[in-house]
Every structure is written in structure tokens, then in C-alpha cells.
Amino acid sequence: MLHKLSRYLLVLIGILTLAYSIPILYNTLFDKRINTPQILYSALNDDFYIRRHDDKKVLNPVDTKGKEYTQTQMLEQCPMFYAPSLHQSGLLPDSIDGVKIDIETWHKHFIMYGFLPQSLMNPSDEYRLFPLYEATEKITLPGDLCRINKRVEFVNTQSNKVNEEKSGLFTDAFEKEGFVFPAKIMAGNSSHNKNRVDGWFITDQRGDLFHLKMEKGQPLLKRIALPEDFKIKYMQYLEVQNEKLYCFIITEDNRLNILYAKDYEIVELPIYDYIPEEHSIYIMGNMLFYMFQVNTENSVAAYAVDHDHNIMDSYYEEFKPKSEMLMGKAFHFIFPFTLKLTHPRSDIRYTNYVKFNFEGFKTFNWIYLNLLLLVITYLLIRKRKLRLKNNMVDLLIVAATGIFGFIAINVFQNKEY
Amino acid sequence: MFYKEWIKIRLVFWLSFVVGIGIVVAMYAIIRGELADMPTNHYIWNMINRNFVFFTLFKFVPLGIGTLIGISQFIPEITEKRLKLTLHLPLNEEKAGLQMVTFGVISIFIIFSLMLFAFLGMGRYFFPFEVMRVAAITVAPWFMAGFTAYFVTGIVAIEPIWKYRIAYLIIGGLFVKMYFVLWEAGSYIHANAFFAALLVLFSVSILFSIYRFRKGEM
Amino acid sequence: MENIVECRNLTHYYGDKMVYEDLNFNIKKGSILGLLGKNGTGKTTTINILNGYLTPRSGECIILGENSKNLSPYVKSQIGYLIENHVQYAFMNIYQIEKFYSGFYPNWKRDAYYDLMAKLKVTPKQKISTMSCGQRSQVALGLILAQDPQLLVLDDFTMGLDPGYRRLFIDYLRNYAKAEGKTVFTTSHIIQDMERLIDECIVFDYNKVLVYMPVQEFMTTFKQFDFEVTNPNVEFDKGGLVENYEKMDNSIELFSYSTEEEVKSYLASQGIEYSNFKQVPMTLEDAFIGLTGKY
């Protein structure tokens with residue numbers, strides 16, 4: 001009996017392997033790139049500009065009414081995006097909406113940031129070790145690394161031993177502030193190429209948020225008050241020159257928030273339908289407004305938000321998803337499901353993690369091919385003069401897994417002796 | 001049965017053992033040299049923030065060991081169809097097949113365990129626990145690839161028909177490729193358990209080829 | 001007498017190519033059956049079916065009461081099997097291989113093996129792969145003797161042996177089998193010496209069985225007649241009286257189960273003129289060639 005089992009196991013392994021490999025081959029041969037447009041917001045015209053490009057060249061930008069502009073015109077219409085080049089050519093306006101503009105203040109307030117699934121979730125987070133920089137001295141990489149498990153520990157990298165004295169000092173500070181070990185999410189800048197030391201933002205076992213810094217070798221831990229029912233899922237620290245911002249925080253219910261430096265104020269942003277695991281979001285900020293662009297597989301949305309966090313204007317555009325293009329449609333006719341270990345690197349959803357993702361298709365287009373293969377399998381069984389009774393499982397396999405099962409049962413053949 | 005298997009593989013076993021451990025030792029000798037030039041904190045910082053993997057040297061070594069043990073165990077069985085002798089032993093044929101595979105798996109397990117032990121043990125001398133934990137997660141699929149290669153070698157070698165041998169080799173190769181999809185440290189943290197389960201399923205696969213051999217496919 | 005092996009209605013094809021159809025034979029306990037045939041007539045196929053390495057298209061083989069498709073370990077221990085070319089675990093030396101096999105058989109006769117090995121001029125650590133064909137045949141034989149099975153299945157054991165070893169092997173085997181009451185099933189395409197060994201024979205031709213009878217009976221009933229004809233273009237119909245014939249110019253060698261008188265009257269009835277008619281004594285090999293033809 002075991003030999004029969006061994007065959008089905010091989011068929012299963014074959015199906016998994018093929019469900020992984022064949023779609024990749026298919027996509028390598030036929031994949032079409034979707035060229036997501038770039039959205040800009042003009043504070044001069046209070047309108048969005050859309051920059052598209054196809055596979056070969058960048059197209060002329062258009063506004064929301066479809067009016068076409070030259071590249072130079074668009075540059076001039078969107079000074080908040082292109083201030084340095086406008087400054088060079090002397091075209092940077094002195095003020096917009098009564099706010100004085102100069103290149104130095106622009107630099108101070110400019111934020112350009114993108115969150116992709118792969119930046120929110122990265123295997124390197126698994127190290128759970130971070131350098132804690134001394135805030136009051138010249139910034140150099142410390143000789144120890146910090147871990148926060150059952151307590152705070154500093155491991156000297158040279159000797160590979162725990163610095164008990166320093167660890168005890170910090171553990172006491174954490175306990176005093178009511179930190180429940182171990183730490184969960186950490187956000188901060190681990191690089192030594194930076195201008196200032198903001199330390200680390202750390203959530204504890206219960207999900208409470210703390211701000212950790214080290215000054216003159218002493219721990220400085222502050223609890224940050226969170227709004228009610230505020231459960232942090234992702235946290236990204238950003239170093240903005242004006243020192244007004246600490247972090248972007250994404251909550252469990254996929255809401256985007258800003259953690260401001262002043263009084264650790266947390267403000268929810270009016271961005272909706274953003275799923276951090278599947279979409280990417282680009283954040284642009286300046287002294288006049290924020291602009292958020294959310295890209296999904298088949299849409300792009302842009303929000304212009306003022307500094308009081310109200311939406312001034314928004315733009316939404318949908319394009320044909322791959323599944324409706326010829327290659328996508330054919331894909332669904334051929335493959336009943338696929339096994340993905342990673343998404344392709346061109347896919348928004350790509351991360352550096354390997355996971356077993358089965359994507360079963362909601363459409364039932366593959367049924368035709370499955371039926372055809374089922375008939376062929378049946379005919380092959382008759383031709384090989386095999387008993388139908390012994391091949392019921394094979395028929396079921398073909399019915400359920402289509403082309404993958406068909407190949408697998410024919411590679412690992414069911415023979416009767 | 002184990003006696004015969006041991007006579008077949010002992011040379012390759014010792015060779016694999018020496019090469020496997022030798023590579024680990026050589027790797028740390030290189031790292032010791034690198035740490036003389038770069039402070040340890042910068043070295044580790046590169047691992048954490050630059051996806052620097054310090055042990056790529058032996059990435060394909062387990063794969064090679066698994067294949068070699070498989071070849072040394074199964075090729076002598078199929079030259080002159082000696083497997084007939086094994087199947088003629090007064091044993092259940094499936095049991096005979098499983099004993100052969102068990103022996104191979106144990107041998108590989110011994111080599112891999114010692115390699116892993118040396119790798120993690122010596123690594124802990126240089127690096128904190130977390131670094132070696134991620135390292136273990138990263139090397140796990142490489143070792144599983146070694147076991148898989150052994151099973152694939154087995155079913156390919158014993159399969160009597162060339163056409164199917166090639167088909168098994170292709171599927172086996174594509175499966176092994178799934179262990180090397182990403183190169184970043186820690187990438188397989190969510191996939192290792194699934195792969196381990198598949199590996200267990202793979203373990204009895206050899207019976208299929210033996211069965212086909214016994215039933216006189218040619 | 002009890003049958004050790006019973007094969008009923010064996011039919012096998014490789015793809016569409018028929019090997020044989022409805023083959024029936026039995027092997028009685030204590031007898032030595034030889035399966036003779038040219039290369040490619042299905043001798044090894046039969047052995048493979050017998051040992052369970054091949055499942056026939058239809059029919060079955062019962063060995064010691066069990067269907068050869070699924071032999072139990074006990075029955076397998078009662079079958080000594082010598083593979084074509086004396087294949088053994090060539091990566092072992094004679095001590096290792098004895099140690100290996102002895103673990104599987106409770107009634108292992110160690111002395112039988114080492115008695116035979118003592119006659120070989122091999123060094124203790126010499127691997128079987130470096131031995132001569134004759135030496136390897138002795139190792140394989142020694143292992144079977146030590147195994148002490150009821151049935152010995154020998155696939156073309158004479159292949160590659162020089163005459164001395166072949167004679168040695170056959171005499172040793174015959175004495176052993178007769179003394180111990182063993183049953184032997186052997187195949188060969190070299191017929192020389194076979195009559196010293198086998199009691200019964202089956203002769204295979206492509207797709208069919210030509211003979212299945214005791215060797216003694218075959219040798220006495222199957223005859224060769226030589227004569228010369230005046231008309232060199234004469235042809236004989238095969239089947240019926242004439243089993244086979246060979247013609248060289250005017251000389252005819254005619255093979256038949258019939259008596260001299262029957263053949264003569266047959267020739268007369270066909271109106272064939274002949275001279276120098278005589279019956280020629282045959283060895284088993286002559287008879288085999290006579291029956292199956294030279295090609």
C-alpha cells in the first residue's frame with residue numbers, strides 16, 4: 001500500500017512544484033508591465049497633474065481636465081515638487097497663498113517617502129538587535145547592540161558579552177515606566193549617517209508605545225499616550241529636517257497616522273482604502289500641504305491634505321487590471337490556481353519573505369480546460385486499458401488541479417500490474 | 001542492510017563530513033580575518049541593515065552532499081540491476097527500500113547536524129544569539145535542499161525508464177529551486193515549517209521507483 | 001511428486017511485441033529444469049516473472065505455494081537466485097558479502113561458502129569487482145549454497161565462464177542438487193555441458209515453445225538424418241514430420257521425431273530421390289541447433 005501512497009505524495013509534490021514553476025514561466029514569457037502614473041499636486045492651481053509613461057517614453061503630463069502640458073510647464077505649476085530646479089532657473093515663486101517660499105525653508109520641510117509592503121515587512125527585522133546612539137555626543141556607531149526581551153540587554157559586539165551594569169540600568173528605567181517585556185515593534189534610524197539622534201520608538205507586550213533615548217549614558221524612556229483602541233501594526237520613523245515629525249504609524253485597522261514631535265501628538269490622516277500589505281503609499285510633504293499617492297494593482301489614488309489634516313482635493317483613476325488583459329485572461333483559463341512563494345519583484349505586494357501563498361481564482365474560466373483534461377485523462381485510461389475504479393483519485397486530481405494534476409499524474413503514472 | 005549501505009557510502013560519507021566541517025571552519029577563518037579589518041559592530045550592522053550574509057560560502061554544500069550520498073548509495077544498486085539482489089533478500093520489498101532510505105537519511109542527518117552544530121557553535125563565539133538565530137533560519141532551507149536532492153537522486157536513479165528519469169529530474173530540480181528563491185537572511189522564516197512537512201512527504205517517494213523497478217518497467 | 005514451481009498460461013508482451021503466449025510448465029521437487037533458447041527468446045523474462053521482478057500480462061507463477069507477484073520473505077529465503085553475469089554486490093570483498101548475507105538467513109551455512117572460497121585464489125581484501133568472471137561465479141554459487149534454499153534459480157550462469165569453470169560449476173551444482181534434493185531452474189543459451197546437468201528441458205524459440213520434455217526423452221526421440229538428394233532444389237514442408245532441416249548443396253540434414261522408416265516412407269511419398277541415408281547421433285547442442293536452426 002505504501003507504494004500507492006508514495007505515488008500520490010509524488011503527485012502532490014509534482015502539483016505544488018508545477019503550480020509554482022509554470023505560472024512563473026508563463027509570466028516571464030507574456031507579462032505586461034502596468035505603468036502606474038505619477039500624481040503631482042499644484043498649490044498654484046489647486047489641481048492634480050498626471051505624469052504617464054509607456055514602455056518607451058515619458059508622455060506629456062495632463063491635468064484632471066485632460067489638458068496637456070509640456071514638462072517645463074508642469075515644473076512651473078508644481079513648485080513644491082521641483083523647488084530646487086526652479087530655484088536654479090530663478091522661477092521659484094516668492095510666496096504661494098500668502099506663505100513665503102524660499103529654498104532653505106523648502107528643504108527644511110520637504111518629505112518624500114514611500115511605504116511598500118517590502119519596506120514595512122522585512123526579514124532583517126528578525127534580528128531584533130539595534131544600536132542605541134548617545135544623543136549628546138558626536139554620532140558614532142556604538143560598540144554594543146541592544147535587545148529587549150525579558151529585560152533590556154546590551155551586548156558588547158567585540159567581546160560578545162552582555163554589559164550587565166548598563167543592562168540593569170536600562171531595565172530599571174523600563175520597569176519604572178511600566179514597560180511590559182518583551183518589545184514588539186521598533187522604529188528608529190539605525191544608521192550613523194544622520195544629523196540628530198531621535199532614539200527608538202518601541203511598543204511593549206501590551207502594545208503600549210514608548211520613546212527611548214540615551215543621554216549621557218542614561219536611559220530616557222517616555223510613555224506615549226495613545227488614542228483609544230489604537231493598535232499599532234507598523235511604524236516607520238522618518239528623519240525630517242524641521243523636527244516636527246517622528247513617525248508614520250499604521251494601525252491594525254489600516255489607518256495611517258502621524259506621530260508629531262510636539263507633545264507626541266498622534267493624528268489620523270484622511271486616507272482610506274489603504275491596505276499596507278497589498279498597496280504602496282507615497283508620501284510627499286512640504287510647508288503647504290501633504291500629498292499621498294496610494295497605488296494598487298489596478299488603481300491610483302491621490303490625496304492633497306492640508307496641515308490641519310483635512311482633504312483639500314483628491315484624485316482617483318482605475319486602469320485595466322492584468323486579469324482583464326489578454327495575457328491575464330488566458331492565464332485564468334489555463335491555471336486553476338498558483339502557488340506563489342514570493343510575488344514578482346515588479347508586483348507592489350513583493351516582500352523579501354518566502355511564503356506559501358495559494359491564489360485560487362475567483363473566476364471559473366479554468367473549468368473548460370479542466371474538463372477537457374478530464375476527458376483526455378478518461379480517454380487515456382481507456383486507451384491504456386486501465387480499470388476506472390483504480391483511477392478515480394487521478395480523475396479527481398485532474399478535475400481539481402487541472403493542468404498541474406494532469407502533468408503530475410502522467411509523470412508519476414498509475415500502472416496496474 | 002545497513003552494513004551494505006555503509007560499505008557503499010563510507011568513502012563519500014567521510015569525504016562529505018570532512019568537506020562540510022572544513023568549509024565551516026574555513027568560513028570562520030575568513031571571518032576572523034575580516035573582523036581584524038572591520039570592527040565587529042560595523043560588521044554586524046552590515047548584516048542587519050545591508051542584508052549582508054556572512055555564510056554564503058556553504059550555500060550549496062548540503063545540496064552537493066545530499067546528491068553525492070544519493071549517488072553513492074543508489075548507483076551501485078542499479079548498475080547491473082543489482083537492486084534485484086536487494087529485492088530478493090528475505091524482506092518485504094517496501095521495508096527493504098525504506099531501510100535503504102532510512103540509512104541514507106540518518107547518514108545525511110549526522111553530517112548536517114555536525115555541520116550545523118559547528119556552524120552555530122563557532123558563530124556564537126563571534127556573534128550574539130540573534131544573529132545566529134537568523135542564520136539558522138537562513139541555512140535551514142539549504143539543508144532541506146540537501147535532503148531533497150538525496151530523495152530526488154534516489155527516485156531518478158532507480159526509475160527504470162529514461163524518459164521518466166528526465167521528467168523526475170526536472171520536477172525534482174524545480175522543487176529544489178524553491179529552496180533558493182530569495183537570498184536575504186531570514187527570508188524563509190514563514191516557509192521553513194511548510195518545506196519541512198513536504199520533506200517528510202518526500203521521504204517515502206523512493207518506494208514508487210522501487211515498485212516500478214520491481215514490476216519490470218523497462 | 002510435488003511441484004515446486006507451477007507456471008500457468010504465462011503471457012507477456014513488451015509493448016506490442018509478444019514474448020510468449022500461454023506458457024505452462026511445472027518443476028517437480030528435486031528435478032533440474034533447463035530453459036534453453038537463443039538470445040532474446042524470453043529466458044530472462046521468465047526468470048524475472050518467477051522472481052517477481054516482472055508482472056506478466058496474464059497468467060501466473062506459483063512458487064512454493066505463493067504467487068510470484070507477491071513473494072513472502074520466507075519463500076524468498078527459499079529461493080537461491082543467481083543473476084545473469086553472476087551479478088553480486090561487487091563493491092564488497094568475500095568476507096563482507098558473507099557477513100552481509102548471513103544476517104538475513106537463519107540457516108546460513110557459513111562453511112559451505114568458505115569451503116568453496118578456499119579453492120579460489122583471491123586475496124582476502126580483494127573486491128568482487130576485481131575478480132575474474134569465473135571467480136565471481138564461484139562467489140555467487142557459494143552464497144547460494146550457504147543460503148541453502150529449496151529452489152535454485154540460475155540465469156544463464158554459463159555466460160562468460162571458461163570451459164574449466166563451466167564444468168566445475170555444473171558438476172558441483174549437479175552433485176549438490178542431487179545429494180540435497182534441491183530443485184533447480186536454469187536458463188542457458190550455451191547448450192554445451194547442459195546435458196550433464198538438466199533432467200528436463202524447455203526449448204524456446206521466438207514467440208513459442210518448441211520442446212518441453214525430459215532431456216532423456218528428447219534425446220532419444222529427436223533424431224537427425226543425413227542424406228544426399230539428386231535434385232538440389234528440393235524443399236521440405238516444416239511441421240508434420242519434418243521439424244527442421246538444413247541444406248548444403250546436395251547434402252540434407254533433416255530433424256524429426258519420427259523413426260527412420262517413417263522418414264524414408266515420407267521421402268518416398270514426396271518422390272524425393274536420396275542416397276547415403278543415415279541416422280546421426282547427436283549431442284544436446286546438436287539437437288538444439290537442429291531444432292532451432294542456425295539463425
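**Exercise 1.** In this predicted model, determine which residues D204(A) touches, not counting residues up to four places away in sequence, and then work out where D204(A) lies in chain A.

*Solution.* Begin with the contacts: D204(A) touches G178(A), F179(A), V180(A), P182(A), A183(A), K184(A) and F210(A), once residues up to four places away in sequence are left out. Next, place the residue in the secondary structure, where D204(A) belongs to the loop that runs between β11 (200-203) and β12 (209-215) of chain A.

**Exercise 2.** Establish which side chain of opposite charge is nearest to D204(A), and identify the backbone nitrogens that the side chain of D204(A) approaches.

*Solution.* The nearest side chain of opposite charge is that of R206(A), at 4.5 Å. A salt bridge requires a side-chain nitrogen of Lys or Arg within 4 Å of a carboxyl oxygen, and D204(A), although buried, has no salt bridge. Turning to the backbone, a polar atom of the D204(A) side chain lies 3.0 Å from the backbone nitrogen of V180(A), and the side chain of D204(A) also reaches the backbone nitrogen of R206(A) at 3.0 Å.

**Exercise 3.** Describe how chain A is divided into domains, and state how far apart the C-alpha centres of domain 1 and domain 2 of chain A lie.

*Solution.* The assignment gives domain 1 (2-33 + 323-411) and domain 2 (115-278) of chain A. Their C-alpha centres are 45 Å apart, and the contact involves 6 residues from domain 1 of chain A and 8 residues from domain 2 of chain A.

Key. Residues are numbered from 1 along each chain as its sequence is written. Chains are lettered from A and ligands numbered from 1 in the order in which they are written. This is a predicted model: local features need pLDDT of at least 70, side-chain atom pairs count only at pLDDT 80 or more; totals for chains, interfaces and linings use all residues. Side-chain values use heavy atoms; hydrogens and water are left out. Helices (H or I, at least four residues) and strands (E, at least two) are DSSP runs, numbered from the N terminus. Buried means under 20% relative accessible area, exposed over 50%, partly exposed in between (1.4 Å probe, protein chains only). Lys and Arg count as positive and Asp and Glu as negative; His and the chain ends are not counted. A polar contact is a pair of N or O atoms within 3.5 Å; within protein, one must be able to donate a hydrogen and the other to accept it, and residues adjacent in sequence count only if both atoms are side-chain atoms. Contact means heavy atoms within 4.5 Å. Domain bounds come from an automatic or database domain assignment.
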